[in-house]
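Welcome, and thanks for taking a look at this one with us. Below is a short briefing on a few spots that may interest you as a computational chemist.

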Amino acid sequence: MITRKRLIEIYQLLYDVFGPQHWWPGETQFEIIVGAILTQNTSWTNVEKAMKNLKSAEFLNPEALHNIELSQLAGLIRPAGYYNIKARRLKNFLNWLFDNYDGQLINLESVDTSQLRSELLAIKGIGPETADSILLYAFKRTTFVVDAYTARIAARHGLIEPGADYEQLRELFQSNLPQDTQLFNEYHALLVKLGKEFCRPKARCPGCPLEKLPHELDITHL
Ligand code: SF4
């Protein structure tokens, strides 16, 4: 019960200070999916450059990206870094989409969330953070996205043991918050902002929206 109250309290403090984050940037469902795959290990600015290349070349749709040569795709997404690996990941996603769902994102709408999550996780190169980002931001499914920022903030605020894995961390939020897609959407984005601006490896507690809540910085391996 204390955890539930604290999680809501944290959300309200963050929202009051930072306001809505308007995630996920992307005009279409497919753009959100491509962005979620490209953003692994790189900044959003670099992802935007890669997306711009894809859009200018008119490849930012499932059919075109499924048919494009791997080497050409890698060249277009080069600004996103790890472009050969990411080109293969995009192809893996598209092969799964075309092999199982006729290449139509609309066909995924009727698939149950846990089934869809399992299928996304079975695609080579799609890890839990990417799968949950796709589910939450592209398909508006009620699944909480966690990342290294979430882990650091939750551990420092005594909400979870340091070193908790992805699923434990996700469960913390997923099971203690109201099942509200918009809340999950905003909460993850706010935690990312907090992690970037204040809760860095070397914490900047003075002036942080969560400064007044109990926290412990003596967690050396975060
Ligand atoms: S910077 Fe300090 S107060 Fe802010 S979230 Fe991190 S540990 Fe908490």
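Is Asp-132 buried or exposed? With a relative accessibility of 0%, Asp-132 counts as buried. Please keep in mind that this is a predicted model. Asp-132 is a good place to start, as Asp-132 sits in helix α8 and forms a salt bridge with Arg-170.

**A network of charged side chains**

- Eight salt bridges are counted in the model.
- Between Asp-132 and Arg-170, the closest N and O atoms are 3.5 Å apart. This pair ties together distant parts of the chain, with Asp-132 in helix α8 and Arg-170 in helix α10, 38 residues apart.
- Arg-170 is a buried partner too, because its relative accessibility is 13%, and buried means under 20%.
- Arg-117 and Glu-167 meet through their side chains in another salt bridge, at 3.0 Å from N to O. Here too distant parts of the chain are linked: Arg-117 belongs to helix α7 and Glu-167 to helix α10, 50 residues apart.
- The two ends of that bridge sit in unlike surroundings: Arg-117 is buried at 11% relative accessible area, whereas Glu-167 is partly exposed at 35%.
- Glu-167 also forms a salt bridge with Arg-170, at 3.5 Å from N to O. Both residues lie in helix α10, and as they are three residues apart, about one helical turn separates them.
- Through shared partners, these salt bridges join Arg-117, Asp-132, Glu-167 and Arg-170 into one network.

**Helix α8 and its surroundings**

- Helix α8 runs over residues 128–138 and is mostly covered, with nine of its 11 residues buried.
- Among the buried residues of α8 are Thr-130, Ser-133, Leu-136 and Tyr-137, along with Asp-132.
- The cover over these buried residues includes α2 (29–38), α7 (113–121), α10 (166–176) and α11 (181–197).
- Just past the end of α8, Lys-140 has a positive phi of about 55 degrees.

**The largest pocket**

- The largest pocket holds about 620 Å³ of space.
- Its lining is made of 23 residues, and those nearest the centre are Trp-23, Thr-39, Glu-129, Val-192 and Lys-196.
- Two or more lining residues come from each of α8, α9 (148–156) and α11. The largest share, six residues, is supplied by α11.

**Lys-91, a buried charge without a salt bridge**

- Lys-91 is found in helix α6, which spans residues 83–101.
- Although Lys-91 is buried, no salt bridge is formed there, and Glu-69, the nearest side chain of opposite charge, is 7.3 Å away. That gap rules out a salt bridge because the pairing needs a side-chain nitrogen within 4 Å of a carboxyl oxygen.
- What does lie at hand is a backbone atom: the oxygen of Ile-68 is 2.4 Å from a polar atom of the Lys-91 side chain.
- Beyond residues up to four places away in sequence, Lys-91 touches Leu-65, His-66, Asn-67, Ile-68, Leu-70 and Leu-73.

**Asn-176 in helix α10**

- Asn-176 lies in helix α10 and counts as buried, because its relative accessibility is 17%.
- The Asn-176 side chain reaches the backbone oxygen of Leu-172 at 2.8 Å.
- Apart from neighbours within four places in sequence, Asn-176 is in contact with Thr-3, Arg-4, Leu-7 and Glu-171.

Terms used. Residues numbered from 1 in each chain as written. Predicted model: local features only at pLDDT ≥ 70, side-chain atom pairs only at ≥ 80, totals over all residues. Heavy atoms only, no water. Helix = DSSP H or I, 4+ residues; strand = E, 2+ residues; numbered from the N terminus. Buried < 20%, exposed > 50% of the residue type's maximum accessible area, 1.4 Å probe, protein only. Lys, Arg positive; Asp, Glu negative; His and termini not counted. Polar contact = N/O pair within 3.5 Å; in protein donor to acceptor, adjacent residues only side chain to side chain. Contact = heavy atoms within 4.5 Å. 1 Å grid on protein atoms, 1.4 Å probe; cavity = no way out; pocket = protein on both sides within 12 Å on 5 of 7 lines; lining within 4 Å. Points joined across faces, edges and corners; volume = space filled by probe spheres on them.
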